[in-house]
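Here is a short tour of a protein chain for anyone who likes to know what sits inside and what faces out. Have the model open as you read, and turn it as we go.

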Amino acid sequence: MHSIMTTKKRLLSILVLNALGLMLFFSWYLPANHGFWFAIDKNIFYWFNDRLETNRLVLWLVAITNFRAFDGISLLAMGALYLSFWLKETPEGRRRMLAIGITMLITALLLNQLGRLIPVERPSPTNSFPNVHHVAELTGIPTKDASGDSFPGDHGTMLMIFACFMLRYFTRRSFAVAVLIILVFALPRVTIGAHWFTDIAVGSLSLILVGMSWWLMTPASDHLVNRIYRYLPNIPFPRRAGK
């Protein structure tokens, strides 16, 4: 009886998350010119873009956080968080963490491809408005400050997937750290104009609410983790210190 109640409660949670994701997406997709979302997008873009020429601190902060190497720092941040759990695990636990990591990568690849099926083709703000400032031209730093199709934000989607896995398989505190990683490493794309704010806040988030709820709140992800775990080679991971 308890398992039936738990299953019903989980299904209700999935349906609520799906409803929120669809409402979020269609609140942006259906209105002409994206309704109130367009004003938010435009104001955020111009707040930063207008300051690129007048405020050297903003210019160089935006330039540095959108340099290609900065993406590598985001991988290091996620890796460090994952490593903090890895170091505490037994060899069997580390083998399972490896299976979870592989499952996460497969999920990211598949969900990113599904995101490309959304019938939206949207150039970035820097390719949509005339006479705008480009960070690469102002600084000479080869930054990504434009995109021919920016919806949904693929970078933001990947970071959100990582956060969802931290919540599902680890701790709420690790999830909070992962959310901070999202803010630090996804928002620079918005400040430079390579993405609209809604590419992430609507596109990525709605995709995550719908897709990840079915994947992580049902036995689906566990089945894949367990299957990968069974077929992993018997890697002799070192034991924890003192064990």
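Let's begin with Asn112: setting aside neighbours within four places in sequence, Asn112 is in contact with Asp154 and Met158. This residue belongs to helix α5. Is Asn112 buried or exposed? With a relative accessible area of 13%, Asn112 is buried, because the cut-off for that label is under 20%. Please keep in mind throughout that this is a predicted model.

Now step back to the chain as a whole. It holds ten helices and zero strands, so you will find no strand when you trace it by the DSSP runs used here. Some overall values are gathered in this table.

| Property of the chain | Value |
|---|---|
| Span of the C-alpha trace along its principal axes | about 60 × 45 × 25 Å |
| Share of the 243 residues that count as buried | 44% |
| Exposed area | about 13,500 Å² |
| Share of the exposed area from carbon and sulfur atoms | 68% |
| Share of contacts with a separation of 6 or more that join residues 24 or more positions apart | 82% |

Next, the interior. In soluble globular proteins, nonpolar side chains tend to be buried together. In this model the largest nonpolar core has 36 residues. The residues with the most contacts inside this core are Tyr82, Ile161, Phe162, Phe165, Met166, Phe170 and Met212. Which elements give two or more residues to the core? They are α4 (68-86), α5 (91-115), α7 (154-169), α8 (172-192), α9 (197-216) and α10 (220-231). Of these, α7 gives the most, with nine residues.

Met212 is a good residue to click on here. Not counting residues up to four places away in sequence, Met212 touches Thr107, Leu111, Ile161, Cys164, Phe165, Leu207 and Met217. Apart from the largest core lies another one, of nine residues, among them Leu52, Ala63, Val135 and Ala194.

Finally, have a look at the outside. Val179, Leu180, Leu183, Val184 and Leu187 form a nonpolar patch on the surface. Together these residues have about 390 Å² of accessible area. Leu183, one of the patch residues, has its place in helix α8. Why does Leu183 count as partly exposed? Its relative accessible area is 46%, which lies between the limits of 20% and 50%, so Leu183 is neither buried nor exposed by these cut-offs. Helix α8 thus has a part in both stories: α8 is among the elements that give two or more residues to the largest core, and α8 also holds Leu183 of the surface patch.

How values were computed. Residues numbered from 1 in each chain as written. Predicted model: local features only at pLDDT ≥ 70, side-chain atom pairs only at ≥ 80, totals over all residues. Heavy atoms only, no water. Core = buried A, V, L, I, M, F, W, Y, C linked by side-chain atoms within 4.5 Å. Buried < 20%, exposed > 50% of the residue type's maximum accessible area, 1.4 Å probe, protein only. Helix = DSSP H or I, 4+ residues; strand = E, 2+ residues; numbered from the N terminus. Contact = heavy atoms within 4.5 Å. Patch = residues over 30% accessible without salt bridge, like charges linked within 9 Å, V, L, I, M, F, W, Y side chains within 5 Å. Areas by Shrake-Rupley, 256 points an atom, 1.4 Å probe, with all protein chains shown as cover. Salt bridge = Lys/Arg side-chain N within 4 Å of Asp/Glu carboxyl O.
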